[in-house]
Amino acid sequence: MSQSVRTVGIVGARGHTGAELIRLVHGHPSLELAFVSSRELDGQRVDAQVAGYTGDLRYGNFGADAVPGQGADAVVLALPNGKAAPFVAALDRDAPETVVVDLSADYRFDDSWYYGLPELTRGRYDGQRRISNPGCYATAMQLAIAPLLGLLDGPVQAFGVSGYSGAGTTPSDRNNIELLRDNLMPYALAGHIHEREVTRQLATAVEFMPHVAAHFRGITLTVNAHLSAPVDVDALAARYRDRYADEPLVEIVDAAPWVSGIAGHHGARIGGFTASDDGRRVVVVATLDNLLKGAATQALQNLNLAFGLPETAGIPL
């Protein structure tokens, strides 16, 4: 193995995001999988579970104390909320130089961790080895709202609809395709953790209303904002194009993007710019794939950042 190749381990590799991470790291020119851990898949070949993976790796079942001993340069924690702490404690104790990227919400409110939404926060990165990956809805909300900062007059409303892959693989009403068929399921309509996450990161009040639909992957987010001064649609669109002109994973489009067009893509699309007659209320639509830019792709951006690699290395553009 070349000295320039860094190794990555994945804990919680059975889920949808874990499979996407395996594919991305496997295809990366400067990264290599050190291990993948899943209690349910222990001993099984990874290539039997993950299309596109062609190596010989098998799933292991590594507890928190065993993970530091695997010698990976980076560990991605793709675990449910509330499960990361034992792994972080073991890595802090036994492998503090290991880069840790946590995909759960467990450290998104911890100022000692870098909050890794690179398009908005890369200027805050200063070599931190502990990186908290933003939530999928939170990524879409922040990308959609950030260009409006400085213009807002009151809280921003965000109406979100996600595919059921966002509910994970543990059975629940929100990933039960029989319940979701011909249906739209609202949940956590006030105080959702992503609402608090975005309000904290943008330092502006956000009111978020999430829903789950019957499609598998992809998020549609419609943002409604009131402004302190009028703006026309052309100026609004120009504001977004200027803000993201140098961001290869953010595409600004004219029409409102459709979720069917973003599935399987690694970036976000923002468009559908609309203004009220008086120019004091605007609506913007954002879409992204919750498993990619909302999780695995963003984790890869953060790994690239931590290792001093080009931020989009290994990401199909």
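## The second largest pocket and the sheet beside its lining strands

The second largest pocket is lined by P248, L249, V250, E251, I262, H265, H266, G267, A268, R269, P316 and L317, where a pocket is an open set of points on a 1 Å grid over the protein atoms alone, fitting a 1.4 Å probe and having protein on both sides within 12 Å along at least five of seven lines, and lining residues have an atom within 4 Å of a point. The model is predicted, so local features need pLDDT of at least 70 and side-chain atom pairs count only at pLDDT 80 or more, while totals for chains, interfaces and linings use all residues. Residues are numbered from 1 along each chain as its sequence is written, and side-chain values use heavy atoms, with hydrogens and water left out.

About 170 Å³ of space lies in this pocket, a volume being the space filled by probe spheres set on the grid points, which are joined across faces, edges and corners. The lining comprises seven nonpolar, three polar and two charged residues; Ala, Val, Leu, Ile, Met, Phe, Trp, Tyr, Cys and Pro count as nonpolar, Asp, Glu, Lys and Arg as charged, and the others, Gly among them, as polar.

At least two lining residues come from each of β11 and β12, strands being DSSP runs of E of at least two residues and helices runs of H or I of at least four, numbered from the N terminus. β11 pairs with β12 (residues 268-275) in the parallel sense over three bridges, pairing requiring at least two DSSP bridges, and E251 has R269 as its bridge partner in β12.

The open, mixed sheet has seven strands in the order β8-β9-β7-β10-β13-β12-β11. Because β8 (185-186) and β11 (250-252) stand at the edges with a single partner strand each, one side of each is left without a neighbour in the sheet.

Two helices lie across strands of this sheet, with contact meaning heavy atoms within 4.5 Å and angles, from 0 to 180 degrees, taken between N-to-C directions of axes fitted to C-alpha atoms, for helices over the stretch in contact.

| Helix | Lies across | Angle |
|---|---|---|
| α4 (residues 136-145) | β7, β9, β10, β11, β12 and β13 | about 40° to β10 |
| α7 (residues 233-243) | β11, β12 and β13 | about 160° to β12 |
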